[in-house]
Amino acid sequence: MFILKEFEFDAAHYLPEYHGKCEKLHGHTYKLVVKVEGAPDAEGMVIDFIVLKNIVKDEVLSKLDHACLNDILPQPSAENIAVWVWHRLEKLLQGPNYKLYEVEVWETKTSGCIYRGDL
């Protein structure tokens with residue numbers, strides 16, 4: 001079973017290793033989807049949505065929202081942001097009946113990245 005929670009954050013970035021329009025400073029309203037895999041516990045939940053929300057807010061959104069992502073990552077592509085988010089959440093989203101399954105980072109409504117921690 002998969003539990004998911006969707007978030008949004010606003011941030012600016014530029015891609016110095018990319019040659020094109022995105023190498024200049026610009027911003028996005030990013031969508032972040034965090035998916036947890038597991039089995040329901042005695043309360044009938046894989047993970048409480050509130051617990052999931054608070055972990056993501058504290059560990060990810062508090063760092064990325066309204067930030068210049070280049071202050072956090074040297075090349076803040078959707079791919080590198082997804083890996084960064086995964087590493088921030090992986091150990092915190094492990095319990096007796098669940099674990100982090102997937103992180104999605106959407107830079108626009110039509111362009112995003114999915115990461116499952118297998119690189």
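A helix axis here is a line fitted to C-alpha atoms over the stretch in contact, and the angle between two axes runs from 0 to 180 degrees between N-to-C directions. With that settled, I will go through one helix pair and then some aromatic rings. Please keep in mind that this is a predicted model.

The helices first. Helix α1 covers residues 49–64 and helix α2 covers residues 78–89. Their axes come within 10 Å and cross at roughly 140°. That angle makes α1 oblique to α2, because the roughly antiparallel class takes angles over 145 degrees. As for handedness, the crossing of α1 past α2 is right-handed.

Which residues meet there? From α1 we have I55, V56, E59, V60, K63 and L64. On the α2 side they meet I81, W84, V85, R88 and L89. By type, this contact between α1 and α2 has eight nonpolar residues, three charged and no polar ones.

Next, the aromatic pairs. The count for the model is three, and I will describe two of them.

One pair is F2 with Y101. The ring centres are 4.4 Å apart with 55° between the planes, and the pair is classed as tilted. F2 sits in strand β1, residues 2–13, and Y101 in strand β4, residues 98–106, so this pair ties together parts that are 99 residues apart in sequence. How accessible are the two residues? F2 has a relative accessibility of 43%, which counts as partly exposed. Y101 is also partly exposed, with a relative accessible area of 23%.

The other pair I want to show is W86 with Y115. Here the centres lie 5.7 Å apart and the planes stand at 85°, so the pair is edge-to-face. W86 belongs to helix α2 and Y115 to strand β5, residues 112–115, so the pair ties together parts 29 residues apart in sequence. Are W86 and Y115 buried or exposed? Both are buried.

Let me stay with Y115 for a moment. Its relative accessible area is 7%, and it is buried because the cut-off is under 20%. What does Y115 touch beyond its neighbours within four places in sequence? The contacts are A82, V83, W86, Y101, E102 and V103. Y101 in that list is the tyrosine that pairs with F2. As for V60, which we met in the helix contact, its C-alpha atom is separated from that of Y115 by 15 Å, and the two residues are 55 apart along the chain.

That is what I have on the helix pair and the rings.

Conventions: Residues numbered from 1 in each chain as written. Predicted model: local features only at pLDDT ≥ 70, side-chain atom pairs only at ≥ 80, totals over all residues. Heavy atoms only, no water. Helix = DSSP H or I, 4+ residues; strand = E, 2+ residues; numbered from the N terminus. Parallel < 35°, antiparallel > 145°, perpendicular 65-115°, else oblique. Left-handed = near helix turned anticlockwise from the far one by under 90°. Contact = heavy atoms within 4.5 Å. Nonpolar A, V, L, I, M, F, W, Y, C, P; charged D, E, K, R; others polar. Phe/Tyr/Trp six-rings, centres within 6.5 Å; stacked < 30°, edge-to-face > 60°. Buried < 20%, exposed > 50% of the residue type's maximum accessible area, 1.4 Å probe, protein only.
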